[in-house]
Structures are given as structure tokens and as C-alpha cells.
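Let's take a walk through this structure together. Have the sequence and the 3D view open side by side as you read.

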Amino acid sequence: MLMGAGGGLWYVQHLKSENEILTLNNAKLEGAVAEQQAVIEQQLRDIETKTDINKQLTENNAKLTADLNLANEKFNKINASGERRDIGNLAVNKPKSIERIERKREQQRARCFEIAQGSPLTEEELNATKKSQINAECTNLANPNYVPY
Amino acid sequence: MQNALILPILITFLISGCASTKQLEIFTKEVERMPLDLELPPVETLEQVNLIIVTSENQEEVFAKMKEQNIDPVIFGYSDEDWELVTKNNVRMRNTIVKLRAIIEAYKEYYEPEEAEGKNSIIKSGEFEPKSFKNDED
């Protein structure tokens, strides 16, 4: 009888300890699920950020390509008499004035390189709203507040 | 004598029977890498160069002026067509710098958001818009 009681007691103790282990395991699993959920959420946020960055870079690259097209357009501009602008012809006829313009442009080009490298815009550049105030070489970069008219 | 031998053996069995094997717990802790946090190079200021337009008409005048200013009378030149190409190449190089900077900043923003936060970006949405020069007479 005593043996039976002892065995019963042992069995109950064993069940209690098993139950404790299962409770702990359950808590661990719940923790693991929460961690996995956090990982999934982080991955979703990463995907979103990556998509945003890619979109922004693609848009900016398209704008830079447009900038190059504008440079091309400047040299092939059609004048009032329907002729293509010929800088060579202009330089032959007005060497001094073309020299002056190109020297100014060269300074502007140098400034464009500085801005491209990350040089902050000056107040003058930020406030430029007239053609005479803008950097004609890289208006998109240098004069964000300039609206063409 | 026999009991003295059996009893310890039984106790040993009893104790070992009650003992349960503990589960191994493996802890994995992620160690974050130190942010590289490299600074971009300082802005390089370009030297100012003077352009000279030389035509068949003004060549003598140009060389005479150069001699006057103690400049060697020699010109490293481009034709008008090549000057156009040089100008466009400049735009291409500038665009490449802008693109590379934007990529570096995007990487920094993605992998080191706290370090990148608040730093000036060359390209911000809405700040860099293409403009038309169709009406620009300059």
C-alpha cells in the first residue's frame, strides 16, 4: 500500500514537472513567434525602404539624363530665322563676345562640379529667380527656385 | 551483508531514475557591426582657366597679346564641333558624380540610418527638377 502511495506521489510529481517544462516551452515558442514576427516586419520595412530608394534614384537619373538632353538642345537650338544655332559661326563673327560668354560658362561649369560634389548652395544661388542670376550650366542643381519663363 | 549491498544499488537506481535530462539551450545573439561611417571627400575646387577664341581673322592679335603677357604663344584647341562634345562630356562627368554620390548616400541611409539622418543630401525629392531652356536666349 505504501509502495502504491509512493508510486502515485512520484507520478504526480513527475506530471507536475512535465507540466512546468511544457509551460516554459510554450513561453519560449511564444517568444520565438514574436521574434519571427518582428523579423518579418523588419524585412517588410526594408523592402519598402529599398523600393523608395530605387524609385528616387531612378527618378533622379531620369532628371540627369534630361539635363544632358538640355545641354544637347542648347547647341542645336533653332533661331528665329529657322537656322540651327552654330557656335562656330558665332565665334567667327563675334569672337570677343563668345569668348566672354564661354569664360563665364567655364566658371559656372566649375561651380557645377563643386555642387555635384556636395558643396552647399549659396543664398544667391538659392534665391536666383531671373535668367541673369542663374547658373546656366546646371540650373537644375544650382538654382532650385528658378522657374523658367 | 546482502542488504547492505542491495540498498545502495536500489537507491542509486532510484535517484538516477528520477533524474530527467535537461534540454540544452542555445543562445544566439546578433552582434551589430560597427557602422563604417566614412566621410565623403571634401569638395574639390577647380582651377579657373581662361578660354581663348582664335579665328583666322584674330589669330595674329591673339598671339601678339599672349606675347605681351609673357604667355607662350601656343594654343591647345578644339574645333567648334569638338567644343560641343567637351561641354557635353562635362555634363556627363558631373551627372556621374551626382549619381555616385546619390548611391553612396542611399547606401548610408539604408544601412546606417541614424548616422545618415540630418546630413545634407545632394538630391532631395522636389528640389531637383529639370527645366526647359527653349526660351533661354543666353
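**A core shared by two chains**

The largest nonpolar core is made up of ten residues in all: A:L64, A:C112, A:I115, A:A116, A:C138, A:L141 and A:A142, together with B:V98, B:A102 and B:A106. Three elements give two or more residues to this core: from chain A, helix 3 (95–117) and helix 5 (139–142), and from chain B, helix 3 (80–111). Please keep in mind that this is a predicted model.

Now look at the contact between the chains. It draws 50 residues from chain A and 47 residues from chain B. On the side of chain B that touches chain A, you will find 20 nonpolar residues, 13 polar ones and 14 charged ones.

Next, take each chain in turn, beginning with chain A. Its secondary structure consists of five helices and zero strands, so to trace the chain from the N terminus is to read α-α-α-α-α. Chain A has 149 residues, and 15% of them count as buried. Among its contacts with a separation of 6 or more, 36% are between residues 24 or more positions apart.

How confident is the predictor in chain A? The mean pLDDT of chain A is 89, and 100% of its residues score at least 70. Within chain A, helix 4 (residues 123–127) has the highest mean pLDDT of its elements, at 95, while helix 5 has the lowest, at 87. You have met helix 5 of chain A already, as one of the elements that give two or more residues to the core.

Chain B also deserves a look of its own. It has four helices and zero strands, and its pattern along the sequence is α-α-α-α. Of its 138 residues, 9% count as buried.

Is helix 2 of chain B, residues 59–68, buried or in the open? The number of buried residues among its ten is zero, so this helix lies largely in the open. Being buried here would take 20 or more other C-beta atoms within 10 Å of a residue's own.

Just beyond, B:N70 follows helix 2 of chain B, placed in the loop between helix 2 and helix 3 of that chain. Its phi is positive, about 60°, although B:N70 is not a glycine. What about the surroundings of B:N70? Only a count of 12 or fewer neighbours makes a residue exposed, and B:N70 has 6 other C-beta atoms within 10 Å, so it is exposed.

Technical notes
Residues numbered from 1 in each chain as written. Chains lettered and ligands numbered in written order. Predicted model: local features only at pLDDT ≥ 70, side-chain atom pairs only at ≥ 80, totals over all residues. Contact = placed C-beta atoms within 7 Å. Nonpolar A, V, L, I, M, F, W, Y, C, P; charged D, E, K, R; others polar. Core = buried A, V, L, I, M, F, W, Y, C linked by C-beta atoms within 7 Å. pLDDT = per-residue confidence, 0-100.
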